[in-house]
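The following exercises concern helix packing and residue burial. Each task is followed by a solution in steps.

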Amino acid sequence: MSKNQPVTLTDIFNEVSQAKQKRSRVRKLREYETFALRTILQGNYSPKIEFPFPSGEPPFEKNESNVEPTQEMVSILGSCTKSSKLNTLKKETRFINFLESIHYNDARLFCLMKDGELEREYEWLDEELVREAFPNLLP
């Protein structure tokens, strides 16, 4: 991956997938650490984070631009969780707007995250690996 181009989460996960050993995967996750990466891993594995949406991808307009999810964009997910005081319609609207603002491949990953199913896309990924890479990320 070029340091000059936006790095999508899909790029990061595909890069980590190239590593054959757990130690190398941990090193790569740390190397590409971003707020978006930490958020998607936390959203997938933390028992304290739940989303009040049906399983699967909601209908949304697919964005093909190579937009890196920024901290500001990803922070909106906090208002989409079950613990948020917003009504469900507003949560769904914010989640769909977020998905439409990032590249479709990353949006797919956030849909898997909300269902706790990132491993469906990346079989090598598990909670133990995340805990080793980011010891303070999960409760």
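**Exercise 1.** In which helix is the place of Cys111? Determine also whether Cys111 is buried or exposed, and list the residues that Cys111 touches beyond four places in sequence.

Solution. The model under study is a predicted one.

Step 1. Cys111 is located in helix H6.

Step 2. The relative accessibility of Cys111 is 3%. Because buried means under 20% relative accessible area, Cys111 counts as buried.

Step 3. When residues up to four places away in sequence are not counted, Cys111 touches Gly56, Glu57, Pro58, Phe60, Phe95 and Leu99.

Step 4. One of these residues, Pro58, can be examined by its backbone separation. Pro58 and Cys111 are 53 residues apart along the chain, and their C-alpha atoms are separated by 8.1 Å.

**Exercise 2.** Describe the environment of Lys114, a residue of helix H6: is Lys114 buried or exposed, and which side chain is joined to that of Lys114 by a polar contact?

Solution.

Step 1. Helix H6 covers residues 104–114, and Lys114 lies in it.

Step 2. The relative accessible area of Lys114 is 10%. The limit for burial is under 20%, so Lys114 is buried.

Step 3. The side chains of Lys114 and Asp115 are joined by a polar contact of 2.8 Å.

Step 4. With residues up to four places away in sequence left out, Lys114 touches Phe51, Phe53, Pro54, Ser55, Gly56 and Phe95.

**Exercise 3.** Characterise the packing of helix H1 with helix H2: at what angle do they pack, and which residues make the contact?

Solution.

Step 1. Two quantities are required: packed helices are described by the angle between their axes and the distance between those axes.

Step 2. H1 spans residues 9–18 and H2 spans residues 22–31; the angle is about 155 degrees and the axes are 8 Å apart. H1 is therefore roughly antiparallel to H2, since angles over 145 degrees are classed in that way.

Step 3. The crossing in which H1 passes H2 is right-handed.

Step 4. H1 contributes Glu15, Val16 and Ser17 to the contact, while H2 contributes Arg25, Lys28 and Leu29. Sorted by class, the contact of H1 with H2 has 2 nonpolar, 1 polar and 3 charged residues.

**Exercise 4.** Which residues of helix H2 are buried, and with which side chain does the side chain of Ser24 make a polar contact?

Solution.

Step 1. The buried residues in H2 are Ser24, Arg25, Val26 and Leu29.

Step 2. The buried residues of H2 pack against H1, H3 and H7.

Step 3. For Ser24, the relative accessible area is 17%, and Ser24 is buried. The side chain of Ser24 makes a polar contact of 3.3 Å with the side chain of Arg27.

**Exercise 5.** Analyse how H1 packs with H3 and with H6: at what angle does H1 pack with H3, and at roughly what angle do the axes of H1 and H6 cross?

Solution.

Step 1. H1 and H3 pack at about 75 degrees, with their axes 10 Å apart. H1 is thus roughly perpendicular to H3.

Step 2. Leu9, Ile12 and Phe13 of H1 meet Ala36, Leu37, Ile40 and Leu41 of H3. The contact of H1 with H3 comprises 7 nonpolar, no polar and no charged residues.

Step 3. The axes of H1 and H6 cross at roughly 75 degrees and come within 8 Å. H1 and H6 are therefore roughly perpendicular to each other.

Step 4. Leu9, Thr10 and Phe13 of H1, together with Asn105, Asp106, Leu109 and Phe110 of H6, make this contact. The contact of H1 with H6 has 4 nonpolar, 2 polar and 1 charged residues.

**Exercise 6.** How many of the residues of helix H3 are buried, and with which residues is Gly43 in contact beyond four places in sequence?

Solution.

Step 1. H3, residues 35–45, is mostly covered, with 8 of its 11 residues buried. They are Ala36, Leu37, Thr39, Ile40, Leu41, Gly43, Asn44 and Tyr45.

Step 2. The buried residues of H3 pack against H1, H2, H4, H6 and H7.

Step 3. Gly43 lies in H3 and is buried at a relative accessible area of 6%. Apart from neighbours within four places in sequence, Gly43 is in contact with Ile49 and Met113.

Methods
Residues are numbered from 1 along each chain as its sequence is written. This is a predicted model: local features need pLDDT of at least 70, side-chain atom pairs count only at pLDDT 80 or more; totals for chains, interfaces and linings use all residues. Side-chain values use heavy atoms; hydrogens and water are left out. Axes are lines fitted to C-alpha atoms, for helices over the stretch in contact, and angles run from 0 to 180 degrees between N-to-C directions. Helices (H or I, at least four residues) and strands (E, at least two) are DSSP runs, numbered from the N terminus. Angles under 35 degrees count as roughly parallel, over 145 as roughly antiparallel, 65 to 115 as roughly perpendicular and the rest as oblique. A crossing is left-handed if the near helix is turned anticlockwise from the far one by less than a right angle, and right-handed if clockwise. Contact means heavy atoms within 4.5 Å. Ala, Val, Leu, Ile, Met, Phe, Trp, Tyr, Cys and Pro count as nonpolar, Asp, Glu, Lys and Arg as charged, and the others, Gly among them, as polar. Buried means under 20% relative accessible area, exposed over 50%, partly exposed in between (1.4 Å probe, protein chains only). A polar contact is a pair of N or O atoms within 3.5 Å; within protein, one must be able to donate a hydrogen and the other to accept it, and residues adjacent in sequence count only if both atoms are side-chain atoms.
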